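The following exchange is meant for a student who wishes to see how structural terms are applied. Please keep the sequence and the structure in view while reading.

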Amino acid sequence: MIKEIVQGMAFTLKQMLSRPLTVQYPEEQKPVPVRHRGRHILHRYDNGLERCIGCELCAANCPVGCIYVEAAENDPANPVSPGERYAIRYEINLMRCIYCGYCAEACPTEAITLGPQYELADYRREHTVVTKAELLESWPHFAQSRRPPSPRGAGADQTGREEIDPGVSPRLAWDLVDARRQSGQGPHAGDLGIPADVPTVTEPGTTRDNA
Amino acid sequence: MTQTPAAPGPDDGRVGVTIDGREVRVPKGTLVLDAATELGIHIPIYCAHAKLDPVAVCRMCLVHIEKFPKPQPACATTVAEGMVVTTNNAEVTKLREGVLEFLLVNHPLDCPVCDRGGECDLQDFTFRYGPGTSRFPITEKVHFAKALPLSQHIELDQERCILCWRCVRYYDEITGEKEIVLQQRGVQTLVTTFNGEQLKSNFQGNLPEVCPVGALTHREYRFRARPWELQRAPSVCPECSYGCNINADSRDFEIKRFASRDNPLVDDMWLCDRGRYSFPQWNTSERVRRPQLRPRGGEQRDVTAVEAISAAARELRAVVDQHGSGAVGVLGSALNTNEELWLLGRLARDVIGTPHIDHQLEPFEKLDPAEHALGIADIEECDALVVLGAEPEAEAPVLTLRLFKAERKRGARVHRLDHGADPSRIASAVRGAKTIGVIADETNRAHAARVAAAITGGAVRRLTVTRGVNGRGAKDMGVLPGLAAGYRSAPSGKHGREILEAAASGALRALLILGPNPALETAGDVLQRALARADSVVVIDSRPGVCAGAATVLIPGHAFFEKHGTVTNLEGRVQRIRPALPPATPTPTETRVLSSLAAELGARDWDRGEPSAVNRALRAALAPYAAAGNGGRATWVAEAVA
Ligand code: SF4
Ligand code: SF4
Ligand code: SF4
Ligand code: SF4
Ligand code: FES
């Protein structure tokens, strides 16, 4: 029995003298592995042009549908990305993201990757929807953001998010997805993708009560 | 290979063919391609198009047919009795792979930025029938112009063109305008406009739909959405009374494009640019959103829909009590659905008891349902067609394509005449024709009637191009002075302009306006005075405008793409519209507002006013609508049924 006590105490003593594994987070932080899948990054080319071409393939591949992309046409004199098309809006709902990396896999230009950032908690749920300005790699010669003014103009706050006027269609990915959920995929659920190339001969029916 | 000739049946004009071991009997003259489609066998095509004549230039559809020494294009080979076709053997697979490999040699890797990506035949067929790899080393491709605007509507990417000729043939065969050509030859062949001019056609918007790839795209739809995100609402084009079928494709509660929805009886899959590119107006956020009371001299305040409806009923009842029911004027609109207009007519005549109801400004005298007897598809059956003035084709542009089809396919003579043309001269011009169609717009109806009367020696049928998407429905539903629903005679009343004038002079004390009514807003000054003078102006409207601005009771309405209902086109075809967008207001839909208003005014037998229930009641009351169902023609004269 004495032997066992000595053995136990020896182990304890050894551990007492070894360096602890824990760190004083958040003052101290450990490096994350290079292939860590944390918050996304939108990359640039070396000349500063954005890699993202707004093709929405990441959004199409995302299993949870948390990416929202709106594309626009490049001004050839002052392009945002090489080619004709760029993303004028790019939002990811991090609350819904499962950090699977499928978006990075789908991207034809390697514009999006999952980065080392893992501190994603926030006091407000809206803030967990990150915008293009937040996701984009900063670049010395670029203005902090090339994010254009909201297409709807007035009503947008500093983050570019718009106030939701009651009765106005919601615009932000966050609200959009929720609104769609609640209304069961919108007013014409089920019509999507069905080639309606013949005169419809169904009865007028109410799929929805507008009241 | 064993040959299995289908047993020759009775001579019913059909022949039996065997495709991939399955037999089918199809009419003589059917293309192998269509016979295969009948069996559900897919044959990839590029140059073939259901509405264009075969040219067999792309060789994508090559199939093996027994007894033919070489593979045959399915899109240009007609079936013969006992023909045995194979579409799924190694030979055909190899041919398809070869064609695709060639097409891709110089095709750019644009799919991620190409508007066609996701609904592109080149993508789809490469995925389904392609070789998977290319044997051509990665060398520089042949380059042409990209993002070349051909007009304000159309963008051309010459690199993406697969030289199927469809666009060229569309201009040759469908519109006759010949604006696009293929230049150069061999690998340098490129699609361009004649002399590099801008496109001028009124039907350019069909090009991107005809093009199987992303070479021709819409400028208005450029990078707006990916096809897989679009929510599709089969509806009707709201721009004119022709009633072309469309799919209103929306993304994130915004309509991004109108796509054609082939109805061979109406649009034949072609849309005009005015209609196709009219979609942005439905995305406007300038909307009437809240019910409001704005008593004359009092303070304006937001109320609930229920309060607004009671207030409207109170005001209308007060006017009726004081000045009689004839002091109320009721105005509908050609943008309303049949259900709304039917309720509005009943509300005016049966509940309020006023004969003053109309949907447009001008009087519409001696309305005769026979003037809509000529159906759109019947135009092709006519030997001669008389079009009075430029207005019919300006108001319903797709009519032009139907006339061109009648000319090209059937050899019909189309006489485009001045509206003042002498009826007897027209009659002599069409002498000898067995079936004659006379087409005019609403202002030239009377002249068209004289022309029709002057023509002897042939069956004459008339078509009047009505104004507004549901102008015909408004007439059928009796939103007219002196004519109740179903063209039953009713006590005569004032027409639109007279209603406004009477209100401006104080003879009418209340106005009930169901909008939006762009025609009404053209009345200008008299409208302003009428609205200012009337004691009560009850407006149900979706857009803030002159009427909504002057309302004493304002009730938000639903826009065309926010409600269910039916509209009737100029030939009487009753077609369904469906919501593509969520309503901009929580107020009940117009049919329910009108029903509640009727109930408040003392009507006992009205139900809640669900569009479907109203539609049922409407069809129970109007036999032609019951017969038309959804998609059929409501005909009011025996002759038109022929
Ligand atoms: S990591 Fe996965 S869940 Fe998150 S955005 Fe990318 S694809 Fe979507
Ligand atoms: S991140 Fe990549 S996949 Fe997503 S839109 Fe941009 S380019 Fe396309
Ligand atoms: S035309 Fe089709 S295959 Fe060509 S780039 Fe566009 S989507 Fe891709
Ligand atoms: S532009 Fe389109 S429709 Fe015209 S030839 Fe090229 S691929 Fe065919
Ligand atoms: S589709 Fe038959 S040859 Fe082009």
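The questions and answers below set values against definitions.

Q: How should the model and its numbering be read?
A: This is a predicted model, in which local features need pLDDT of at least 70 and side-chain atom pairs count only at pLDDT 80 or more, while totals for chains, interfaces and linings use all residues. Residues are numbered from 1 along each chain as its sequence is written, and chains are lettered from A and ligands numbered from 1 in the order in which they are written.

Q: Why is Asp53(B) called buried or exposed?
A: A residue is buried if 20 or more other C-beta atoms, placed from the backbone, lie within 10 Å of its own, exposed if 12 or fewer, and partly exposed in between. Asp53(B) has 11 such neighbours inside 10 Å and therefore counts as exposed. Asp53(B) is placed in the loop between helix 1 (32-38) and strand 3 (62-65) of chain B; helices (H or I, at least four residues) and strands (E, at least two) are DSSP runs, numbered from the N terminus.

Q: What makes Ser595(B) count as buried or exposed?
A: Ser595(B) has 24 C-beta neighbours inside 10 Å, so this residue counts as buried. Ser595(B) belongs to helix 18 (residues 590-600) of chain B.

Q: Which residues does Ser595(B) touch, not counting residues up to four places away in sequence?
A: Two residues are in contact if their C-beta atoms lie within 7 Å. On this basis Ser595(B) touches Leu343(B), Trp606(B), Asp607(B), Arg608(B) and Gly609(B). Between the C-alpha atoms of Ser595(B) and Asp607(B) the separation is 6.9 Å, although they are twelve residues apart in sequence.

Q: How do you know which residues surround ligand 1, and of what class they are?
A: A residue is near a molecule if its C-beta atom lies within 6 Å of it. Ligand 1 has 14 residues around it, and Cys62(A), Cys97(A), Cys100(A), Tyr102(A) and Cys103(A) come nearest. Ala, Val, Leu, Ile, Met, Phe, Trp, Tyr, Cys and Pro count as nonpolar, Asp, Glu, Lys and Arg as charged, and the others, Gly among them, as polar. The shell around ligand 1 accordingly has 13 nonpolar residues, one polar and no charged.

Q: What is the make-up of the shell around ligand 3?
A: This shell has six nonpolar, four polar and three charged residues. Ligand 3 is surrounded by 13 residues, the closest being Asp110(B), Cys111(B), Cys114(B), Cys120(B) and Gly214(B).
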